[in-house]
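Got your viewer open? Let's take a walk through this one together, one selection at a time.

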Amino acid sequence: MAGIGFRLKRLIVDGSYSGWLRAHLYGAVLSAGPWLLSICTLGTLALLSRNLIGDAAHARFQAIVVYTYTVSLITTGAAHMVVTRHLADELYRGRIGALVVSYRLTLGVTALAHLVLGTAFYALCPGLEPALRLFGVMLLVVVSCTWMVMIYLGAAQDYASVVAAFFAGNALSLLAALGLGRYVGGSGYLAGFLAGQAGILFVLCARVEREFTGVRVPESVHLLRAFGRYPELIAAGVFYNAAIAVDRVIFWVGPTGLPVVGWFHASLYDTPIFLCYLSVVPSLAIFLVSVETDFYDRYREYYGVATKHGTLRQVLDAKRALVACLRNSLRRLLIVQAPLTLLSMALAPWLIAAIGLDRLQLGILRCGLVGALLHVLCLFGSIVLLYFDRRRDAAEVAAVFFVANAALTLGTVAVGPRAYGLGYPLAALLACAWAYHRLEQTLEDLEYLTFAAQPMAPEASAIEASSASA
Amino acid sequence: MSAPGADICLILEGTYPFVTGGVSAWIHQLVGALPELRFAIFHISATQGETHEPRYRLPPNVVSLVDVGIHGGDEPAVSGESLSADAWDSMWRYHEELKAGRSDGLGELLHGVCPRPGTGPSVHDFIYGKPSWQIVRRLYEERAPDISFLDYFWTWRFTHLPIFRLLHAAVPEASVYHTVSTGWAGFVAATQRLRRHRPMLLTEHGIYSRERRMEIDQAEWIYVQRQAPMTLSAGPAYFKELWARLFDRLSRITYAHADRIVTIFEGNRQAQIRDGADPAKTLVVPNGVDLEPFAALPRTEPAPGEFRIGFVGRVVPIKDVKTFIRAVKIVTGDVPGARAVIAGPGDEDPEYLAECRSLAATLGITDRIEFTGRVDVKQIYSRIDVLVLTSISEGLPLVILEAAAAGVPLVSTDVGACRELLEGREPADRALGASGLVTGLADPGATAQAIVSLARDPGLREEMGRAARARVRAHYQEADLIRRYREIYRGLIAAGG
């Protein structure tokens, strides 16, 4: 994360007002961009192509894409945070060469694992034509690899080309899907979409490889050791990604699920929830920028005073500034997001009518908008916890989110249509409460954690480690 | 006398049987000469997790040997018993007592906090726990709020980790606990005295707190604040002061709980009393030599006009060999037949040895000075006319006892026990006459003058050689040392039984 933070700060400090806006834009794209862009592409496709390949074929296509994103986020979740941390650690040590090896290793393992998983799934899933099976496997591999490559783009720090790649790729997806859909039908439609996503992966890989050319590869790569050292990050990654998918999965497999083809389901829950995710894009951007810049400055000041022979009074002053900055960031986020969420809720009936959803989905949309707001706050808390190296706390928050979202969504499905959609906001509220409880404790004890919780053995000095995670 | 295992538990720090040297030789001699007593050895090493090979063959009456490392490594995350707020507060109060100059509160503290190894908070709790953190923070805020907190905290950790580890160390059961220094070893002996109610004996060869203070003054690893804050609480060398204060307090704690406090010469005894030892508990038991091998040495006479000056010892800066070499240069001006021998290993500090050689060359006396390297010193005593010591620091140097036993007159700087050894300690001892001449430190002129006066006066040499022999025979025999310790041990065993 170090690289991204510095880069963003430079954008804001050096640039004009438009530079500042660009930083927000990059922030949004980097934190949730790929996922949201794909949702947009899907939505656009849905609007443009209803009469192109027929409703059934389109439903099949959409189910495959949604399943692919959902599954790949969960399966890569285990590695995502650990690899992010590994990257930050190695960048901090200046060992870029080690990243060359771990990058290729990560990518190779991800591709192979998803090839096996996808092949098994599509071989066994009944009712699909062979071409859809083939493209389905390929899409799973491409999307999973894209998640992992995204991590290493932190080393490249070339966001303009990343953003360009995503827009161009999704435009290609859109055009190719429409074009091939017209002439080849359902499988062509998927192939077109796949072509655009594969194009993104290709450009990103080429960009990372260019960054690595001429870098000397060291003998030891600590990627596997990172997995052993950060089990809490594995848990946090898996639980977090499972948490944001579990409610949709429950709606698919429960009585609310609408069979699409084979093992694929859809539900009335999908579309409103995707719309809700889109509603928090501004928050994600504000959040990312304020964490990586304002907060990061205070954070560095705090650890600077603590590690550079400051007095305890100076350390506590720096801590107060840090806490004030966090409060400020949170307030700024709410000032922008809360009115936006309220506005979205007010406009929800109009929106529902415009895209042809039913009244049941209006309730889900309104619940989801509140849920997404709380979700972003929870994410904010979790990431700040990770900045203070509270990996266990972050894993707890993700676990609470997952368990609550699963249990409450099951509960709402059991209660019936009147309760649909209540699970997600309630679960996000619980996770949020947990995250801020833990954060409160962490800040309360910050000076104790900074000094007394550090290990005696010098090689594991966590003052170094917390700077590394920054 | 019912203690299983051992009669005497020796508590040692960085010495016997893992490190060779004067104190180790002394322990080896003592233990070997008291075969009727069973000894357990509790040894404290600097670093945890290292295995050490004994450098001595342990006598058969050593029944157990435990080696504990106090620095380095980390502590397993084991939780111990939790303590009441009052028990934690007693630790704070103990620090206040120590600051006020009281050193006797350890018993009460141990009783409330860690009455036996494995009870009370674990080492991990002490180092990482919040209650300790609160105490450290309070100490900092009240005593040194303007100093770097990071360094204060780590100084606390480095100085207290050994204490917590030693509180939980399993020390062998014995009738008497005998520590051969203050410091960490002295602290362990004090805890055994307080927990097991067994007598405790302290023998101090050099004054531990002073030796540590000299080391700390030279240490480069202790943080010195570059911009000294303009406050009364802390000068730039505050962290050096913290370390020195720690060792000073460990010495005071050791003195406060020892039943007998032994040292090897009167000057040290006075230093102990200044540092808080109760005079009534102190006594001097000097080191001793086995006279016979030296008394029986055949003397080789000098060639006519020749005068042979001897230096016996390691060629290291603390022996100030350069002053010796400069003195020899001056002597050669007055005594044309003067020759010198420097007998002792130079491998400990090869750089210093090279400097000494080049100094001799610069002064143009390479043909007058012989560097022998490691030799059998008996060969040297039989062919020198005076033994010269120019050390800037000594305890009770064995070379003086050996040379005296061989009847060699002496010239020595006024360090450690040297004046006592040359002029006598008590009136009866003084009556034997001087066995040599005492000079100032780092003063080649004075050393040379003393050598010249002996060179020009064979009668004085004869007289001093005789006095030297008589003094060693009367006061510095190995047999006496053994007898005295046998008596002390027996007395303490009887008192403790």
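Here is a tour that goes from whole chains to a contact and then to a single residue.

Before you click, know that this is a predicted model: local features need pLDDT of at least 70, side-chain atom pairs count only at pLDDT 80 or more, and totals for chains, interfaces and linings use all residues. Residues are numbered from 1 along each chain as its sequence is written, chains are lettered from A and ligands numbered from 1 in the order in which they are written, and side-chain values use heavy atoms, with hydrogens and water left out.

**Stop 1: chain A.** Select chain A and switch to cartoon view: you should find 17 helices and two strands. Both kinds of element are DSSP runs numbered from the N terminus, with helices being H or I of at least four residues and strands being E of at least two. Of its 470 residues, 56% are buried, where buried means under 20% relative accessible area with a 1.4 Å probe, protein chains only.

**Stop 2: chain B.** Now pick chain B, which has 20 helices and 13 strands. Its radius of gyration, 25 Å, is close to the 23 Å that the globule rule gives for 497 residues, so chain B is as compact as a globular protein of that length. (That radius is taken over C-alpha atoms, and the rule is 2.2 Å times the number of residues to the power 0.38.) Turn it around: along the principal axes, the C-alpha atoms fill a box of roughly 80 × 60 × 40 Å. In chain B, 55% of the residues count as buried.

**Stop 3: where the chains meet.** How many residues does each chain bring to the contact? Chain A gives 19 and chain B gives 24, with contact meaning heavy atoms within 4.5 Å. Together the chains bury about 1900 Å², 64% of it on carbon and sulfur atoms; buried area is the accessible area (1.4 Å probe) that two parts lose on being put together, summed over both. Show A:H309, A:L312 and A:M456 as sticks, since these three supply 39% of the area that chain A buries against chain B, more than any other three residues.

**Stop 4: one proline.** Zoom in on B:P444, in helix α18 (residues 444-455) of chain B. Is B:P444 buried or exposed? With a relative accessibility of 17%, B:P444 counts as buried. Leaving out residues up to four places away in sequence, B:P444 touches B:T323, B:R326, B:A327 and B:I330. To finish, draw a C-alpha to C-alpha distance from B:P444 to B:I493: they sit 49 residues apart in sequence and 50 Å apart in space.

Key. Buried < 20%, exposed > 50% of the residue type's maximum accessible area, 1.4 Å probe, protein only.
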